[in-house]
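Q: I'd like to understand the pockets and the ligand here, and how each label gets decided. Can we go through them one by one?

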Amino acid sequence: MYDVVIVGAGAAGFGCALTLASANDKFEWAKDKTYLMFDNNKSDLNAAKYCNVAGVDFGINGVELLEKMKKQLSNFKACQLKNDTVTKIEKSDNIFKVTAQNETVEAKIVVLATGFHKFEIKCEGVEVKANDNAPKPNLIYIENKNNLIKENLYVAGLASKVPTMLSVASGDGAKVACDIFKQWSGKVAVVHDFASKK
Ligand SMILES: Cc1cc2nc3c(=O)[nH]c(=O)nc-3n(C[C@H](O)[C@H](O)[C@H](O)COP(=O)(O)OP(=O)(O)OC[C@H]3O[C@@H](n4cnc5c(N)ncnc54)[C@H](O)[C@@H]3O)c2cc1C
């Protein structure tokens, strides 16, 4: 059983996963939490290069940036990344059963970070709508209130209807992680690292 399963390892998925996993060695309540990200490699990063993302190498190719994010995540043993397509999410007795093509796992919390192209996962309670915050037609978002779809089911990134910039999508994933921290700890959790004094 995973504490959080994230569907989608694009900007939002990595923003969420890195924030979640970085808390494990900082708080008692986060110590043994486990995370899994499923992804089927269709992130918009694959088609892009980036010149306007703060702090990111000017002109970096999106494929290279994805590789950097994967490498960064590998520093955190609490989070696994698996290449698979999620097809169904069901909830019973407060536990989610997440079915992918190659395996089925259980999770206490699920985060949908599936982008704004389409949503083909069978999942009760998910309402898919036309995204009028997108630059062209036929793009979607998932109805949510402050990233929450229903209890323990969140949406992050372009799927939540944020503007289409990478740092916004990534930040939205991090924001959802902070919402989850608040749910776990009952207070605002600050997951920051401090530079050592020279
Ligand atoms: C050509 C292009 C150029 C761009 N240029 C810029 C730029 O210059 N500056 C900027 O800030 N932004 C730019 N962007 C936008 C930026 O890339 C997006 O805002 C960002 O990638 C959105 O992140 P996301 O996580 O919401 O979605 P994505 O990055 O698209 O990630 C969604 C992920 O979910 C996965 N997924 C979906 N369904 C499933 C499923 N059922 N099972 C498993 N995995 C699933 C997909 O495979 C994908 O990896 C550009 C985008 C494009 C296409």
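A: Let's start with classes: Ala, Val, Leu, Ile, Met, Phe, Trp, Tyr, Cys and Pro count as nonpolar, Asp, Glu, Lys and Arg as charged, and the others, Gly among them, as polar. By that scheme, the lining of the largest pocket has 19 nonpolar, eleven polar and seven charged residues. Keep in mind that this is a predicted model, where local features need pLDDT of at least 70 and side-chain atom pairs pLDDT 80 or more, while totals for chains, interfaces and linings use all residues. Residues are numbered from 1 along each chain as its sequence is written, and side-chain values use heavy atoms, without hydrogens and water.

Q: What makes a space a pocket, and which residues lie nearest the centre of the largest pocket?
A: On a 1 Å grid over the protein atoms alone, a pocket is an open set of points with protein on both sides within 12 Å along at least five of seven lines, and lining residues have an atom within 4 Å of a point. For the largest pocket, 37 residues make up the lining, with Lys42, Thr114, Gly115, Phe116 and His117 nearest its centre.

Q: How much space lies in the largest pocket?
A: About 900 Å³. A volume is the space filled by probe spheres set on the grid points, which are joined across faces, edges and corners.

Q: Where does the ligand sit?
A: In the largest pocket. The label requires more than half of the ligand's atoms to lie within 2 Å of the pocket's grid points, so that condition is met here.

Q: What makes a residue count as near the ligand, and how many surround the ligand?
A: One of its heavy atoms must lie within 4 Å. The ligand has 30 residues around it, and Asp39, Asn40, Lys42, Tyr50 and Thr164 are the closest. By class, this shell has 14 nonpolar, eleven polar and five charged residues.

Q: Why is the pair between the ligand and Thr164 called a polar contact?
A: A polar contact is a pair of N or O atoms within 3.5 Å. A polar backbone atom of Thr164 is 2.6 Å from an oxygen atom of the ligand, so the pair qualifies. Ala113 qualifies too, because its backbone N or O atom lies 3.4 Å from a ligand oxygen.

Q: What about the side chain of Asn52?
A: An N or O atom there is 2.9 Å from a nitrogen atom of the ligand, so this pair also fits the definition.

Conventions:
Polar contact = N/O pair within 3.5 Å; in protein donor to acceptor, adjacent residues only side chain to side chain. 1 Å grid on protein atoms, 1.4 Å probe; cavity = no way out; pocket = protein on both sides within 12 Å on 5 of 7 lines; lining within 4 Å.
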